[in-house]
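Work through the exercises below with the sequence and the structure side by side, and try each task before reading its solution.

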Amino acid sequence: MKKLRGMLVALIAITMLIGSSTLLPNNVNAKEKEDSVFYNEIVTVGEEPINTESDSGSKPGMLKGIVNMWQTTKSYSNMSYSGWTTYGTRKKSNSTGTISFTVSSKVSNSFSGSIKVGVKKVESVLGFSLNSSQTYSMTNTWNCKKNTNYKVQYRKRYKVYKVKQTQTTINSWTGQITKKNYYVTVKKKDGIDVRVVES
């Protein structure tokens with residue numbers, strides 16, 4: 001009888017052990033499945049996926065989305081000039097003489113192209129304002145020949161810079177890295193040139 005009771009107790013213990021072992025894997029699998037769904041979930045904004053979890057809570061292999069970085073540089077290109085504009089004339093005369101003149105003109109900075117990093121960033125790289133202007137004046141005299149018409153002309157002068165904006169896009173989901181360049185051409189005021197020509 002005692003032997004039978006001992007076998008019964010052992011059987012109950014084995015049954016309980018088997019029962020508990022069958023419950024444990026089910027709980028673990030459910031948790032793993034829950035984590036898998038959570039950490040693979042992303043939200044799409046436009047075409048840029050962003051992770052629903054912060055970086056501090058991320059796990060290895062977890063999606064983190066798109067990262068954009070910008071680099072802005074400048075380089076001097078060349079000098080640029082406006083067309084010649086007639087400021088004044090002297091009609092021909094039977095006597096010699098001189099032309100005395102003062103030319104004044106306002107010269108302004110300008111730019112063309114696509115600004116992607118903001119005006120303030122471009123200006124900080126250039127070291128001057130994109131919207132600056134200044135009035136330049138020049139006084140001179142010119143000897144004249146007989147029976148010759150003269151024109152006093154001026155042109156505006158600029159220094160030209162190229163601003164390069166490089167966008168580096170890193171997709172941490174796929175590991176793909178792409179680069180795009182955007183350019184801005186800037187003309188900086190540099191004064192005026194004046195001449196006297198026969199006409």
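**Exercise 1. Find the salt bridge partner of Arg 157, and follow the connections from there.**

Solution. Arg 157 forms a salt bridge with Asp 193, the closest N and O atoms being 2.5 Å apart, where a salt bridge is a side-chain nitrogen of Lys or Arg within 4 Å of a carboxyl oxygen of Asp or Glu. This pair joins distant parts of the chain, since Arg 157 belongs to strand β8 and Asp 193 to strand β9, 36 residues apart. Salt bridges that share partners join Arg 155, Arg 157, Asp 190 and Asp 193 into one network.

Before going further, note that this is a predicted model, in which local features need pLDDT of at least 70 and side-chain atom pairs count only at pLDDT 80 or more, while totals for chains, interfaces and linings use all residues. Residues are numbered from 1 along each chain as its sequence is written, and side-chain values use heavy atoms, with hydrogens and water left out.

The next step is to look at Arg 155, whose side chain meets that of Asp 193 in a salt bridge of 3.1 Å, N to O. Here too the pair links distant parts of the chain, with Asp 193 in strand β9 and Arg 155 in strand β8, 38 residues apart.

Finally, compare how well these residues are covered, using the cut-offs for relative accessible area: buried means under 20%, exposed over 50%, and partly exposed in between (1.4 Å probe, protein chains only). At 19%, Asp 193 counts as buried, and Arg 157 counts as buried at 19%, whereas Arg 155 is partly exposed at 21%.

**Exercise 2. Which side chains meet in a salt bridge of 2.8 Å, N to O?**

Solution. The side chains are those of Glu 198 and Lys 145. Glu 198 lies in strand β9 (residues 177-198), and Lys 145 in the loop between β7 (133-144) and β8 (150-171), so that, at 53 residues apart, the pair links distant parts of the chain; strands are DSSP runs of E with at least two residues, helices are runs of H or I with at least four, and both are numbered from the N terminus. Glu 198 is partly exposed, with a relative accessible area of 48%, and Lys 145 is partly exposed as well, at 44%. The structure holds 4 salt bridges.

**Exercise 3. Why do the buried residues of helix α2 lie on the same side of it?**

Solution. First list them: in α2 (residues 119-126), Val 122, Val 125 and Leu 126 are buried. They lie on the same side of α2 because they cover an arc of only 95 degrees around the axis, the arc being that of the directions from the helix axis to the C-beta atoms. An α-helix has 3.6 residues a turn, so residues three or four places apart point the same way. The buried residues of α2 pack against β3, β8 and β9. After α2 comes Gly 127, whose phi is positive, near 90 degrees.

**Exercise 4. Is Gln 165 buried or exposed, and what does its side chain reach?**

Solution. Gln 165 is found in strand β8 and, at 0% relative accessibility, counts as buried. Its side chain reaches the backbone oxygen of Ser 114 at 2.8 Å. Not counting residues up to four places away in sequence, the residues that Gln 165 touches include Trp 70, Thr 72, Ser 114 and Tyr 182, where contact means heavy atoms within 4.5 Å.

Now turn to Thr 72, which lies in strand β3 (residues 66-81) and is buried, with a relative accessible area of 15%. The C-alpha atoms of Thr 72 and Tyr 182, 110 residues apart along the chain, are separated by 9.5 Å.

**Exercise 5. How many residues does the largest nonpolar core have, and which strands supply it?**

Solution. The largest nonpolar core has 13 residues, and among those with the most contacts inside it are Ile 99, Phe 101, Val 152 and Val 194; such a core is a set of buried Ala, Val, Leu, Ile, Met, Phe, Trp, Tyr and Cys residues joined through side-chain atoms within 4.5 Å. Strands β5 (97-108), β7, β8 and β9 each supply at least two residues of this core. Apart from it lies another core, of 8 residues, among them Phe 128, Leu 130, Tyr 161 and Val 163.

Notes:
A polar contact is a pair of N or O atoms within 3.5 Å; within protein, one must be able to donate a hydrogen and the other to accept it, and residues adjacent in sequence count only if both atoms are side-chain atoms.
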